[in-house]
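Thanks for sending this one over. Here are a few friendly notes to read alongside the structure.

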Amino acid sequence: MKIVHTIAELRAQLRGQLRTAFVPTMGNLHEGHLSLMRVAAKHGDPVVASIFVNRLQFGPHEDFDRYPRTLQDDAKKLEAEGVYVVFAPDEKELYPEPQEFRVRPPEDLGDILEGEFRPGFFVGVSTVVLKLFQCVSPQVAVFGKKDYQQQMIIRRMSQQFALPTTIVSAPTIRDQDGLALSSRNQYLSPEERQEAPRLYELLRRTSDGLENLQAKGLMELDALKRLETEAQDELKAHGWAPDYFAIRRASDLKPFNQESLSRLWTSASSQALKEPQMVILAAARLGQTRLIDNLEVGETEGLRT
């Protein structure tokens with residue numbers, strides 16, 4: 001496995017490769033990241049991973065400076081997964097001058113949910129991903145579904161810019177108690193770590209509630225809002241500070257209105273829908289740690305470590 005630090009080295013190493021599969025990361029790798037490498041290996045060869053903590057996607061009071069940098073350990077894990085090249089640039093390499101040209105997602109997708117509570121986050125993500133795509137020139141890039149809104153934005157960016165890169169979504173990897181794996185989980189105290197699986201538990205319970213409403217023909221907008229409110233109230237009662245707990249259209253993350261809800265109910269009653277129609281997305285702070293998660297309604301049990 002090669003570790004390269006410059007764009008010139010990366011391009012020289014990948015010259016002539018036509019089926020490159022790419023996984024961008026910020027390092028501090030866990031089993032969730034490694035599962036993305038395995039998905040990438042099924043879609044292309046060679047597999048390239050990047051490790052770069054992107055300042056552009058961090059807000060002024062977020063954890064950029066304390067975000068763990070563990071390149072040596074990460075490299076060992078990636079080599080064990082058969083990764084061909086690790087691209088680990090520093091800031092001066094990727095941003096040799098101020099990054100004044102930036103990619104701004106449409107407001108109705110980029111400024112809702114995560115975008116509302118982390119202003120500018122998706123501008124930073126989209127900009128660095130586009131730049132990394134230009135450096136790697138991958139045929140395929142893999143993103144985890146834990147960052148549901150992010151992978152939707154990257155997919156649409158790739159389509160609208162006619163990039164020659166297919167975006168592949170990989171399933172969320174969870175601990176045995178259901179907590180989605182995340183680098184930020186290490187910030188949780190032992191007591192918070194015991195409480196943390198409640199977020200996924202509420203997602204599952206809400207999904208079951210929606211399926212029951214649909215089965216009984218009681219899928220009304222007020223019922224959705226009640227499920228959202230009940231979930232947020234339970235989080236608050238157990239010491240969480242929720243940013244959102246939202247039931248949205250899986251196609252575009254827009255809120256349902258009664259018309260779109262009725263249309264969904266009619267479609268679901270008349271035929272088996274191949275694609276998920278609803279997704280529940282949540283973000284909440286437990287102590288000093290902000291956790292995010294999501295679940296497509298009707299999704300079967302996710303992958304556990």
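The points below go from the whole chain to one residue.

1. A reminder before the details: this is a predicted model. The protein chain contains 12 helices and 11 strands.

2. On overall dimensions, the C-alpha trace of the protein chain spans about 60 × 45 × 35 Å along its principal axes. The radius of gyration is 20 Å, which agrees with a compact globule, because a globule of 305 residues would have a value near 19 Å.

3. On packing, buried residues account for 53% of the 305 residues in the protein chain. Of the contacts with a separation of 6 or more, 77% join residues 24 or more positions apart.

4. On the surface, the protein chain exposes about 15200 Å², and 48% of that area is supplied by carbon and sulfur atoms. As for charge, there are 38 positive and 43 negative side chains, with the centres of the two sets 3 Å apart.

5. Now to a single residue: where is Thr 20 found? Thr 20 is in the loop between α1 (7–14) and β2 (21–25). Do have a look at its accessibility: Thr 20 counts as buried because its relative accessibility is 2%, and buried means under 20%.

6. Which residues is Thr 20 in contact with, leaving aside its neighbours within four places in sequence? They are Leu 14, Asp 45, Pro 46, Val 48, Val 136, Pro 138, Gln 139 and Val 140. When you view this site, it may help to display Thr 20 together with these contacts.

Methods:
Residues numbered from 1 in each chain as written. Predicted model: local features only at pLDDT ≥ 70, side-chain atom pairs only at ≥ 80, totals over all residues. Heavy atoms only, no water. Helix = DSSP H or I, 4+ residues; strand = E, 2+ residues; numbered from the N terminus. Buried < 20%, exposed > 50% of the residue type's maximum accessible area, 1.4 Å probe, protein only. Contact = heavy atoms within 4.5 Å. Rg over C-alpha atoms; globule rule 2.2 N^0.38 Å. Areas by Shrake-Rupley, 256 points an atom, 1.4 Å probe, with all protein chains shown as cover. Lys, Arg positive; Asp, Glu negative; His and termini not counted. Charge placed at Lys NZ, Arg CZ, Asp CG, Glu CD.
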